[in-house]
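Visitor: Please take one part of this structure and show it to me closely. I am new to this, so go step by step.

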Amino acid sequence: MKTKQRIVLGMSGGVDSSVCAFLLQQQGYDVVGLFMQNWDEVVNYDIKGHIQANHNNCNAAKDYKDALSVGNKLNITVYYKEFIDAYWKEVFQYVVNEYNKGRTPNPDILCNKYIKFNRFIDYAKNELGIDKIAMGHYANVVYKNKQYYLVRAKDEHKDQTYFLCWLNQEQLSKTIFPLGKFTKDEVRKIAAANNFINWNKKDSTGICFIGERKFKEFLMNYIQPKKGDIVDVVTYKKIATHEGIMYYTIGQNRSLGLGGMNTKYFVCKKDLKNNVLYVCSEENSDEYLSSTQAILSNFNWINDVKEWLNRPVLIRFRHTGQLVKGQFYLNNGHVIINYEPTKAVAPGQFAVLYIGKICLGGGIIEKTNQK
């Protein structure tokens with residue numbers, strides 16, 4: 001009798017990874033689960049900014065319990081592993097440093113590259129003796145012409161290829177995404193039909209493995225407040241005081257302390273040297289928030305870039321952002337992108353390129369031509 005191929009599945013206690021376990025079994029795999037805890041609020045001084053009284057550690061314990069429940073139902077062994085120190089050093093320190101520079105980083109992309117598809121793969125291979133892994137991301141991997149392509153999911157609203165843009169051929173070759181051809185509604189129906197305890201569990205939100213937080217208060221755990229002026233970019237008049245440039249993002253229009261004004265204001269520029277936060281009114285937002293060009297660094301090409309040269313692309317600046325038409329060209333190690341006028345494209349963010357459904361990769365925005 002042919003031995004079933006073993007696979008290690010990242011099980012978070014959520015409905016997506018639980019349905020992955022079921023689907024993989026249906027496909028004939030011998031499934032082993034691995035639950036990761038990458039954040040500890042006590043160890044990591046996570047005191048301010050919690051939205052609920054039951055903090056992250058309690059949630060992690062409940063998530064692990066849910067993962068064990070599904071594992072027991074499917075007769076799957078679920079292991080537990082901490083990568084708390086690695087997450088802090090390889091993901092979170094970078095995030096804090098970027099915010100300190102007034103930039104807008106994306107921790108989920110780093111978490112995928114360095115933790116979920118690096119530390120996790122190493123642990124699966126070295127400790128569990130298994131080469132292949134599976135994750136509950138909404139994405140597809142297609143093998144064609146002797147290389148692996150990262151392809152957008154059937155469910156465009158849930159597609160997570162933006163977060164996977166820094167993966168390489170080696171990582172994709174070892175990974176299966178069972179949910180790539182399903183919608184979220186279909187996944188929940190499968191979970192309900194199998195009486196999974198988490199079939200209607202709320203989707204996780206917020207920072208990867210940390211969860212949802214009151215953003216400014218959370219950052220105050222790691223970055224000291226530094227008050228300064230909020231200035232109207234048109235009139236150059238001070239209209240309020242901020243608590244620290246690093247707590248605000250380009251395009252932000254909430255929690256600015258500008259209630260009662262006659263117009264809505266948006267963060268449009270940060271002067272780190274002089275500690276000034278510039279805002280523009282809604283009527284001036286097209287002029288002061290829009291850009292049409294950006295310089296990208298550290299661009300990861302998932303496939304050979306020669307395949308994509310001189311072709312129009314689609315660009316995504318946020319996970320849930322719309323796809324914007326554009327072009328790219330290479331210049332001294334950087335990728336330059338030109339695109340349709342788009343608001344709130346900020347240094348530190350990732351720009352991810354697509355041709356059709358194929359994700360070409362992504363890079364960090366260093367500079368835009370925003371006014």
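Guide: Here is a close look at one pair of helices, with a short stop at a sheet afterwards. Keep in mind that the model is predicted.

Start with the general idea. Two packed helices are described by two things: the angle between their axes and the distance between those axes.

Now the pair itself. Helix 1 covers residues 15-26, and helix 6 covers residues 184-193. Their axes come within 9 Å. They cross at roughly 70 degrees. An angle of 65 to 115 degrees counts as roughly perpendicular, so helix 1 and helix 6 are roughly perpendicular to each other. The crossing of these two helices is left-handed.

Next, look at who touches whom. Helix 1 brings Val15, Asp16, Val19, Phe22 and Leu23 to the contact. Helix 6 meets them with Lys184, Val187, Arg188, Ile190 and Ala191. Sort the residues of this contact by type: seven are nonpolar, three are charged and none is polar.

Now the sheet. It is open and has four strands, in the order 9-8-11-10, with mixed pairing. Strand 9 (238-242) and strand 10 (265-271) stand at the edges. Each has a single partner strand, so one side of each is left without a neighbour in the sheet. Neighbouring strands here are turned by 30 degrees against each other on average, direction ignored.

Finish with one pairing. Strand 8 (residues 228-232) pairs with strand 9 in the antiparallel sense, over four bridges. To find a spot in the model, go to Asp229, which stands opposite Thr241 in strand 9.

How values were computed:
Residues are numbered from 1 along each chain as its sequence is written. This is a predicted model: local features need pLDDT of at least 70, side-chain atom pairs count only at pLDDT 80 or more; totals for chains, interfaces and linings use all residues. Side-chain values use heavy atoms; hydrogens and water are left out. Two strands pair if DSSP finds at least two bridges between them. Axes are lines fitted to C-alpha atoms, for helices over the stretch in contact, and angles run from 0 to 180 degrees between N-to-C directions. Angles under 35 degrees count as roughly parallel, over 145 as roughly antiparallel, 65 to 115 as roughly perpendicular and the rest as oblique. A crossing is left-handed if the near helix is turned anticlockwise from the far one by less than a right angle, and right-handed if clockwise. Contact means heavy atoms within 4.5 Å. Ala, Val, Leu, Ile, Met, Phe, Trp, Tyr, Cys and Pro count as nonpolar, Asp, Glu, Lys and Arg as charged, and the others, Gly among them, as polar.
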